[in-house]
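Here's a friendly walk through one protein model, helix by helix. Have the sequence and the 3D view handy as you read.

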Amino acid sequence: MHDQAGQSGPGVGYIFSISMVAAIAGLLFGFDTGIIAGALTFISKSMGIAETDTMTKEAVVAAVTLGALFGAMASSKCSDYFGRKKSIIITSLLFTIGTLCIAMAFHVYMVITGRLIMGFAVGLSAMVAPMYISEVSPPNVRGAVVFLFQLAITIGIMLAYIIDYAFEDTGDWRMMFGVGLIPSVLLGLGMIRLPESPRWLVLKGKVQQAEAVLKKLRGDDFQTELEEIRVSVSHPQGGLRDLFTPKLFPLVVITFGLFVFQQVSGVNTIFYYGPELFKEAGFSAPILASVVCGGTNVLASVVGVWVVDRLGRRKLLFMGFIGVIVCLTVLGAAYKGFFGPNIHWLSLAAVLGFIVFFAIGLGGAPYIIMSELFPLTHRSAGMATASCANWGFNMLVSATFLSLVQGLGMGTTFWLYAACSVGGLIFTIFLVPETKGRPLEEIEANLYAGKKSRHLGDPVEDGL
Ligand code: BGC
């Protein structure tokens, strides 16, 4: 086995530019989940949704998450059948159709249908884009380039806040959504020019094409990598059912679990209900406070891209969980009145701290690790399963937040998320391997050599 950990190679700049194009899918993910916050009031007015008709409003909001869950389910078949590149082009088409459907809607059902299509694209791309990026990158920058996807999500959320704000005066919700057409089209046009994943090409027996792509990506030093990919493909191929075998099931537990813990940290209650939280804490400009949160999320994600291949995945997760636990505990205590009645600055500081630790520690790592752990023959099935946890628990947390607040109060609800994050920390300590700098095929060789999942990222011993 060769060690590519130190490779900076002729293609690293090219790898970053390829990854940035694929990461536009992340920008659309953030934009399409975020834009509704400012648009909902205007949609309701123009479509004649009654103030009290919360069910229709909830359907408009939740359709994206539901669509994303379906998209995650379909992502395995789609990425295996059409390939990674074409699947991302398909998402760009779906983003475009969904956006047009909403922007031209003459009935609320058209808005909901558009949101479902958009959601499907979000769910599909949230699995395929990290997979594509991971499969084209060399190991020494793989963490950073997959993290670009997370960074793009945060830029998308921020962009959505800005666009909401820009069109607030005119109330032009069609334009709010319409802006999303620009990145949708750019994603499709950009992807057409990019190479297919060499790993998918070998999986489909297109070895000569894979060779040409690897040469482009790595320069002349690609033969060993190609050989390792061919070894990966020689393992029996299979689907979803194999994920429940003793060899693969621990990987499902790790990747599925990481997304569960990412979501039950309560991150999206802050992004979806931010203005309400700040209103309750006594802020007179809650939307502005949300914009500050969005900006912090972007900046912290830039730090994440920078440190993930230096510190590794485990250290980032430890730091992330510990920070998130502290911030949620303080936030809960503030809402419970432990620090007196004037809590707006304290609550803003705790929320910002939460966002920083989440963005650096918990935001990117689950996407990176899910794209690294599964062997090539079962990567799509494994990643699709993990993605279902992402969207299923996203839905669960956002749908139960208001009821939890009503039943337990804001303070206890945040303490509950803190307790869940303690679970995430323990889970990481005992189960999550360090994959920093390790070629995907070495992780796989460790798996087939019978190493425990916690040690899949260790150096491969001689003779494997
Ligand atoms: C999560 C999303 C979240 C976003 C916030 C992502 O890693 O999967 O649910 O909205 O981070 O930046």
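## Starting at Leu 214

Leaving out residues up to four places away in sequence, Leu 214 touches Pro 198, Gly 219, Phe 222, Glu 225, Leu 226 and Ile 229. Keep in mind that this is a predicted model. Leu 214 sits in helix α11, and with a relative accessible area of 0% it is buried. Now look along the chain to Leu 243: it is 29 residues away from Leu 214, and their C-alpha atoms are separated by 29 Å.

## Helix α12 and its covered side

Some of those partners turn up again in helix α12, which spans residues 223-233 and has Glu 225, Leu 226, Glu 228, Ile 229, Ser 232 and Val 233 as buried residues. Which side of α12 do they sit on? The same side, because they cover an arc of only 160° around the axis.

So what lies over them? The cover for the buried residues of α12 includes α10 (198-203), α11 (207-218) and α21 (440-448).

## Val 432, a buried loop residue

Not every buried residue here belongs to a helix. Val 432 lies in the loop between α20 (410-431) and α21, and its relative accessible area of 0% makes it buried.

What does Val 432 contact, once neighbours within four places in sequence are set aside? The partners are Ile 254, Leu 258, Arg 314, Leu 317, Ile 369, Phe 427 and Arg 454. As for Gln 262, it is 170 residues from Val 432 in sequence, while the C-alpha to C-alpha separation in space is 14 Å.

## Helix α3 and its neighbours

Over to helix α3 (residues 36-47), where the buried residues are Ile 36, Ala 39, Leu 40, Phe 42, Ile 43, Ser 44 and Met 47. These pack against a list of helices: α2 (24-34), α4 (54-81), α6, α7 (139-166) and α8 (173-178). Right after α3 comes Gly 48, with a positive phi near 70°.

## α2 against α7

Two of those neighbours also meet each other. The axes of α2 and α7 come within 6 Å and cross at roughly 40°, which makes α2 oblique to α7. Their crossing is right-handed.

On the α2 side of this meeting you'll find Ala 25, Gly 26, Leu 27, Phe 29, Gly 30, Phe 31 and Gly 34. On the α7 side are Phe 149, Ala 152, Ile 153, Ile 155, Gly 156, Ile 157, Leu 159, Ala 160, Ile 163 and Asp 164. Sorted by class, the contact of α2 with α7 has 12 nonpolar, four polar and one charged residues.

## α6 across α18

Helix α6 (residues 108-136) and helix α18 (residues 365-373) have axes that come within 9 Å, crossing at roughly 65°. This one is right-handed too: α6 passes α18 in a right-handed crossing.

Here Ala 126, Met 127, Pro 130, Met 131 and Ser 134 from α6 meet Tyr 367, Met 370 and Ser 371 from α18. The contact of α6 with α18 breaks down into six nonpolar, two polar and no charged residues.

## α14 alongside α17

How do α14 and α17 run, roughly parallel or roughly antiparallel? Helix α14 (residues 267-280) and helix α17 (residues 344-363) have axes that cross at roughly 160° and come within 12 Å, so the two are roughly antiparallel to each other. The crossing of α14 past α17 is left-handed.

Where they meet, α14 brings Val 267, Ile 270, Phe 271 and Phe 278, and α17 brings Leu 348, Val 351, Phe 354, Ile 355 and Phe 358. By class, the contact of α14 with α17 has nine nonpolar residues, with no polar and no charged ones.

## Two partly exposed spots

To finish, a couple of residues that aren't buried away. Thr 412 is part of helix α20 and, at 26% relative accessibility, counts as partly exposed. Thr 412 and Lys 336 are 76 residues apart in sequence, and 7.7 Å apart in space from C-alpha to C-alpha.

Gly 337 belongs to the loop between α16 (313-335) and α17. With a relative accessible area of 42%, Gly 337 is partly exposed as well. Measure off the chain from Gly 337 to Ala 381 and you get 44 residues in sequence, with 47 Å between them in space, C-alpha to C-alpha.

Key
Residues are numbered from 1 along each chain as its sequence is written. This is a predicted model: local features need pLDDT of at least 70, side-chain atom pairs count only at pLDDT 80 or more; totals for chains, interfaces and linings use all residues. Side-chain values use heavy atoms; hydrogens and water are left out. Axes are lines fitted to C-alpha atoms, for helices over the stretch in contact, and angles run from 0 to 180 degrees between N-to-C directions. Helices (H or I, at least four residues) and strands (E, at least two) are DSSP runs, numbered from the N terminus. Angles under 35 degrees count as roughly parallel, over 145 as roughly antiparallel, 65 to 115 as roughly perpendicular and the rest as oblique. A crossing is left-handed if the near helix is turned anticlockwise from the far one by less than a right angle, and right-handed if clockwise. Contact means heavy atoms within 4.5 Å. Ala, Val, Leu, Ile, Met, Phe, Trp, Tyr, Cys and Pro count as nonpolar, Asp, Glu, Lys and Arg as charged, and the others, Gly among them, as polar. Buried means under 20% relative accessible area, exposed over 50%, partly exposed in between (1.4 Å probe, protein chains only). The arc is that of the directions from the helix axis to the C-beta atoms.
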